[in-house]
Every structure is written in C-alpha cells, then in structure tokens.
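The following exercises concern strand pairing and helix packing. Each task is followed by a solution in steps.

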Amino acid sequence: MAAHSNKVLFGLYNDEEDLKSAVKAAHAAHLDIMDVYTPFPVHGLDPILGLKESRLHYLGFIYGATGALFAFLAMSWIFTRDWPIMFGGKPYWSVPAFIPITFEMTVLFAAWGMTITFYTICGLWPGVKAQTLDDRITDDKFCVAFDVTSASESDVDSIKGFFTQTNAAEVNVKTL
Amino acid sequence: MNLNTQFVFENKTKRLLLGGMALGLVCLSFIFLNDDEYHTRFWTNWLHNSVFFTGIAFMSMFFLSAQITAFAGWNSVVKRVWEAMSQFMWVGIILMGVLVIGVWGHFHHLYHWNTPGITDPTNPAYDKIIAGKASFLNPIWYTVGTVGFLAIWYFWAKNLRKASVDQDSMETEGGYTYHKKQRKWAASFLPLGGFLSTVFLWQSLMSVDPHWYSTMFAWYSMVSMWLGAISLTVILIIYLKSLGYLEYVTFNHLHDVGKFLFGISVFWAYLWFDQFMLIWYANNGEETIYFNHRMTFYPVLFWGNLLLNFVTPFLILMRNDTKRKFGTMFFVACIVFFGHWWDYFYMIKPGARIASHEAKELAEGKQHGAKKHAAVVEEAEEAPTSEEVAATPTTEAVSHEVGHTAGHEAPVTTSKDTATTSEHSAPNAVNNESSVAAEHTATEVHGKGHEVAAAEHAVDEATAFKVGYTIPGLDDIGVMIGFLSLFLFFFFQQLSRASLVPMRDPYLEESLHHDTGALIEGEGGESHH
C-alpha cells in the first residue's frame with residue numbers, strides 16, 4: 001500500500017512448502033503478517049493466511065449485467081425509434097441479431113469494470129512506482145513480510161527468531 | 001494407502017440394471033405395437049438412444065484422448081471411468097448395425113433418401129435435391145459412416161485401455177513405456193475422431209432431414225454428446241463415491257469436471273445459437289424451413305432444449321462453490337444428461353415424422369404418373385425455386401408470406417406447388433426467364449388455394465400434437481432407461497476388470513494431490529489438514 005514510509009521486516013524462503021509451514025507457524029505464534037509475496041500463485045496458501053473469498057466477482061456480475069442491458073436496450077432503441085433500418089427484410093426489432101453484440105458488450109463491461117476496480121483497489125495506476133521488497137520475489141523467492149514501523153525492540157526480536165526457526169534463507173529490513 | 005481398489009459389480013446392481021433393460025424392452029414393444037405402419041416411433045427411439053449412448057462412449061474416448069495429449073495430470077484418478085465408458089462403442093456397433101440392416105432391407109423409413117427410385121427422374125418418388133446428394137446419402141456410405149467408423153474408434157479405444165491397464169502390472173515404477181503408448185493412441189485418435197465423427201453425425205442424424213444442411217450441425221451434435229458424457233461422468237463418480245469407491249477423488253476433481261460441464265454447456269449454447277442465427281440471417285428457404293417447422297409445431301422441444309441445456313447449468317454452475325458440492329453437481333448433471341437426450345429427441349423426431357409422412361404420401365400415389373412428374377421437374381428448373389423466392393427481400397410481408405408457403409408445408413406440398421407453377425407457366429415458357437417477378441406473384445396466388453387445403457392436411461398428419469413426437473412420452477423415457485441400463489451394465493462390467501486407480505500412471509501423484517486453488521468460504525480449512 002502506498003502509505004508513507006513503512007518499515008518492513010521480511011524473510012525470504014526458497015520453497016513454497018517452507019513458506020506454507022512458516023505462515024502456519026506465524027499464526028500459531030500470533031504474529032501479525034503484513035503480506036506474503038510469491039512469484040506464482042501458491043495453491044492452498046489463501047486459507048492458511050485466513051483470507052476471505054474475493055468479492056470482485058460480485059461486481060463482475062453487476063458490470064456484465066449492466067453491459068448486457070445497455071447493449072440490448074441501446075440497440076432496441078436505435079433500430080426501432082431513433083434510426084430504423086431494415087436489414088434483409090427482417091423486422092426492425094430483430095432480437096437474434098442483437099445477441100452477439102449483447103454478448104460482446106457483457107464481456108467488455110465485465111472485463112473493463114473488473115480490471116479498473118482491481119487496479120483501483122490495489123492502487124495501481126500508470127506512473128506508479130513499483131514497491132518491491134526484493135526483486136527476486138518475482139523470480140524464485142517466497143516472502144513473508146511484517147510491518148514493524150511501530151513495533152517494539154522485543155517484537156522485532158521475536159519476529160527475527162521466528163524467521164530463524166522457520167528456516168528463512170534471508171532476513172532483511174526495508175523502508176517503503 | 002492402498003491404491004489397488006477393485007470395483008465389484010454386485011449382483012444387486014446387476015439385477016437392478018437387468019430390470020431397467022426389461023423396462024426398456026417393454027416400453028419399446030409397447031411403442032412398436034401402437035405405432036404407424038412404418039413404426040416410425042419405434043425406429044426413431046432406436047436411432048435416438050443408439051446414437052446418444054454410443055456418442056457418449058465416443059466422446060469419453062475423445063475427451064480422454066484430448067486430456068492425455070494435453071499432458072493433463074489432474075485426471076488420473078478419474079481416468080478409469082472414461083476408459084470403461086468408451087468401451088461401450090462395441091455395443092454401439094451392434095445397435096447401429098440394426099439400423100444399417102434396416103437401411104439395406106428397407107425395414108424403416110427414417111431416411112427419406114433411402115426410398116427406392118428417389119434418384120430416378122422417371123420415378124414418382126424422384127427428388128432432385130436428394131438425387132444430387134446421392135453420392136453421399138446411400139446405404140454404402142451409411143454403413144461405412146456409422147458401423148465402419150465405430151469399428152475404427154473402438155479399435156483405438158480398446159488399445160488405449162489396454163495400454164493403460166497393462167501399465168498397472170508393470171514391474172518397475174516410473175517407466176514410461178506404456179504411458180508413451182497411451183499418448184500415441186490418444187494423439188492419433190484426435191484427428192480420427194474429430195473428422196470421422198462429423199461424417200458419422202451427418203449420416204446418422206442430419207440425413208433424417210435430407211433436404212436440410214447445416215455446417216454447424218456436426219459441431220453442435222458432437223458437443224451435445226460431449227455434455228452427455230461429462231454429465232454421466234459426474235453422476236457415475238458421485239455414485240461410485242457413495243458406494244465407497246474412488247476415495248481419492250475429492251471435490252477438487254469434481255470442481256474440474258464441473259468447470260467442463262459449465263464451459264461446454266456455454267459452448268453448446270453458442271453453437272445452438274450460431275446454427276440458428278446463421279440460418280435465420282441468410283434466410284435460405286431450404287435451411288430456414290427446419291427451424292420454422294420446429295418453432296411452430298414443436299415449441300416445447302425447441303425452448304425446453306435451451307432451458308435444460310443452457311439456462312439451468314449456466315445459472316447454477318456460474319458460482320465457484322456450486323461446482324464443488326456433490327449434491328448440486330449431481331442435480332445439475334442429471335438435468336444436463338436428460339437435457340441432451342432431449343436435444344437428440346428434438347433433432348430426430350420432427351424430421352423422421354416428415355420422412356414417414358412423405359413415404360405414406362408416395363405409397364398412396366398422391367403424385368399422378370411418372371411422365372407428368374418428369375415434366376414438372378424439368379419445368380421447375382426454369383421456374384424460381386423456393387429458395388430464390390425466399391431470398392428476395394422485397395418487403396417483410398412478402399418474405400413472410402413466401403416463407404410460409406415454402407416453409408411449413410414444403411415437405412408435403414413441394415411437388416404440388418411446383419406442379420401449380422408449371423401448369424400455369426407452361427404456355428408462357430418462353431417468357432419464363434424474363435418475367436421472374438410476375439412468376440413470384442403467380443406462385444403466391446396459386447400457392448394460396450392449395451396452401452389452405454394442404455395446411456389442414458399437413459397439420460393433421462405430420463405436425464399435430466402427439467406424445468412421442470411433440471414431447472417425449474413416458475414410454476420414450478422408459479426406453480431411455482433401458483438403454484441407460486444397458487450402458488451402465490456394460491460400463492460396470494468393464495470397470496470391474498481393472499483397478500480403479502491407474503497405479504503406475506506417471507501423473508498419479510499430481511492427481512492425488514490435486515488442488516484447484518479455489519478459495520471457498522468455510523471450506524478452506526478442512527481441505528488442508
């Protein structure tokens with residue numbers, strides 16, 4: 001998140017199974033994980049992290065329904081009221097001919113709507129500076145990060161101890 | 001972990017399935033005894049169920065081959081189900097063989113192209129369009145296209161299964177000999193199944209309406225079979241699990257099969273609509289008649305098809321979690337399975353009803369004398385054909401009117417309309433070509449008088465509401481249960497002959513730990529402990 005100068009303590013793991021057991025251990029030790037970064041989606045990680053199902057697809061449904069309605073009603077209005085044109089002797093209100101465009105507009109609205117919503121939630125806009133803790137997270141390292149901006153010395157020590165116990169390959173601090 | 005589980009085909013199940021077959025036989029006999037003189041209902045039922053269940057076996061093989069070729073790993077624990085299903089093609093050869101014998105011996109009139117003398121211009125039965133297609137629509141091609149191709153497919157299915165079963169008794173773990181063998185059979189089956197199935201479907205199903213053609217038909221009916229196969233797979237997996245088998249199949253595997261059920265249902269709807277819209281837009285009389293007839297006289301079949309096979313699975317399976325629940329999936333699979341049986345019913349029944357009606361008309365000698373008929377045909381080449389008329393977009397009213405004339409009663413009255421046209425245009429034969437517009441009017445005006453009489457006649461005999469044609473009757477469903485029992489009997493027998501888990505499959509480990517990664521509220525925890 002694009003908050004001002006957060007001090008982040010993070011450990012890097014070499015394997016996704018190490019990562020999974022580390023996250024489980026963190027939960028057991030009641031450590032508050034800021035986020036986990038992986039180079040690819042790790043199956044089964046979400047429930048361990050206690051993440052809830054995304055609600056993005058509800059919006060996707062609403063966007064899609066809007067697109068479908070918009071396309072269908074717009075075509076109906078255009079071809080019956082605004083500018084009636086007869087194609088090949090077909091009735092003005094030719095529902096079968098509207099279906100492909102209605103379908104396309106459903107997909108277009110759902111796709112654009114969900115993309116824009118997702119980017120907005122994540123604060124991803126053109127020109128945003130990438131805030132990566134470590135470049136290798138996008139390649140072959142698995143990262144567990146803790147926000148230690150306002151953490152006490154002993155809290156930081158216990159997190160470091162946790163990293164040692166769970167076989168983190170590296171432990172670093174970075175200010176974002 | 002004991003992977004080597006053997007399915008036991010219990011006597012209780014055997015008796016139940018034999019009872020199902022007996023029910024089917026009773027219903028089939030009942031239909032046979034209360035039938036028209038061509039036993040159209042009996043033969044359509046036979047064709048319908050034979051193609052449907054053989055198609056399910058074929059698509060199981062095709063689906064499995066596609067997965068093997070695509071390096072799919074999730075499916076190892078379900079593989080044996082498809083392998084066993086595909087072996088039913090052996091029975092399919094016999095079922096289709098009965099129809100082939102019927103074609104050669106003229107025991108049924110499912111296919112109007114099989115009428116004797118249909119290609120002979122001097123014969124009253126002569127049909128110019130069918131004569132033009134006779135190089136493909138003939139008994140030899142029919143035999144090759146159905147039984148012949150099934151035999152080829154069965155050979156592949158048998159060998160693929162053999163390679164898979166032999167793998168179980170392989171001495172060393174981790175060898176790829178049999179896996180490579182399976183890949184060869186699977187990859188070579190894809191073009192073989194893909195291309196030949198189109199011919200199979202043209203011959204067995206589309207030629208029920210020999211005047212009609214659709215380039216989308218083979219796609220459409222093949223996908224219908226596919227969904228039949230997928231939904232039956234879901235039903236069988238859940239049934240086998242309820243018996244305590246297939247313990248390694250989790251809701252993660254079910255989720256993947258569910259995605260196929262959902263996705264292919266949408267694909268089916270796409271093809272269904274595509275076939276309809278292309279024909280609707282092109283307004284080619286020869287093609288639109290097919291839909292016009294079905295939408296006018298078979299609305300329950302037509303719209304029910306869309307409701308069962310698209311609306312229901314689309315709305316229910318749209319959400320992630322419904323694809324992971326055994327109860328919901330079982331419910332949807334049952335609907336989709338019945339829906340695609342219904343789809344085949346819709347494809348076959350109206351067309352076969354017209355075919356038998358045409359045969360009856362011919363037998364009653366509605367057309368007088370071969371000589372006059374030959375003259376009519378010659379004349380018809382000059383006169384505007386129904387397609388040309390229908391394709392002329394003068395005004396909406398005209399195209400509708402003509403569509404009506406050329407549409408509804410065409411199978412019955414084509415010859416009469418043509419006769420009318422030729423009688424009246426004969427004196428002006430010279431002007432015929434120059435006065436196409438006038439000819440349109442003539443066709444319409446003279447068409448009308450006949451139309452009224454013909455329409456009443458046609459409604460009586462070929463289109464009136466009749467259980468077994470307009471909607472499936474209970475006896476038709478009984479026949480379906482009979483064929484389903486036969487299918488399942490064969491399936492369980494095949495399934496009991498090998499381990500339920502392909503123990504030496506290189507992808508087995510992946511399959512055993514398969515996880516779709518979907519996060520479902522309240523379910524996450526239990527799947528990972």
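**Exercise 1.** Identify the bridge partner of A:Val8 in E4(A), and state how E1(A) and E4(A) run.

Solution. Step 1: A:Val8 has A:Lys174 as its bridge partner in E4(A). Step 2: E1(A) and E4(A) run antiparallel and are joined by 6 bridges. Strands are DSSP runs of E with at least two residues, helices are runs of H or I with at least four, and both are numbered from the N terminus; two strands pair if DSSP finds at least two bridges between them. Step 3: the model is predicted; local features need pLDDT of at least 70 and side-chain atom pairs count only at pLDDT 80 or more, while totals for chains, interfaces and linings use all residues. Residues are numbered from 1 along each chain as its sequence is written, with chains lettered from A and ligands numbered from 1 in the order in which they are written.

**Exercise 2.** Locate the partners of E1(A) in E3(A), and place both strands in their sheet.

Solution. Step 1: E1 (residues 7–13) and E3 (residues 142–147) of chain A pair in the antiparallel sense over 6 bridges. Step 2: A:Leu9 is bridged to A:Phe146, and A:Phe10 to A:Ala145. Step 3: the open sheet has 4 strands in the order E2-E3-E1-E4 (chain A), with antiparallel pairing. Its edge strands are E2 (35–37) and E4 (170–175) of chain A, each of which pairs on one side only.

**Exercise 3.** How many of the 7 residues of E1(A) are buried?

Solution. Step 1: a residue is buried if 20 or more other C-beta atoms, placed from the backbone, lie within 10 Å of its own. Step 2: by this criterion 5 of the 7 residues of E1(A) are buried, and the strand is mostly covered.

**Exercise 4.** Determine how H2(B) and H7(B) pack.

Solution. Step 1: two packed helices are described by the angle between their axes and the distance between the axes. Axes are lines fitted to C-alpha atoms, for helices over the stretch in contact, and angles run from 0 to 180 degrees between N-to-C directions. Step 2: H2 (residues 40–69) and H7 (residues 177–204) of chain B pack at about 150 degrees, with axes 8 Å apart. Step 3: H2(B) is therefore roughly antiparallel to H7(B), a term for angles over 145 degrees.

How values were computed: Parallel < 35°, antiparallel > 145°, perpendicular 65-115°, else oblique. Buried ≥ 20, exposed ≤ 12 C-beta atoms within 10 Å, placed from the backbone.
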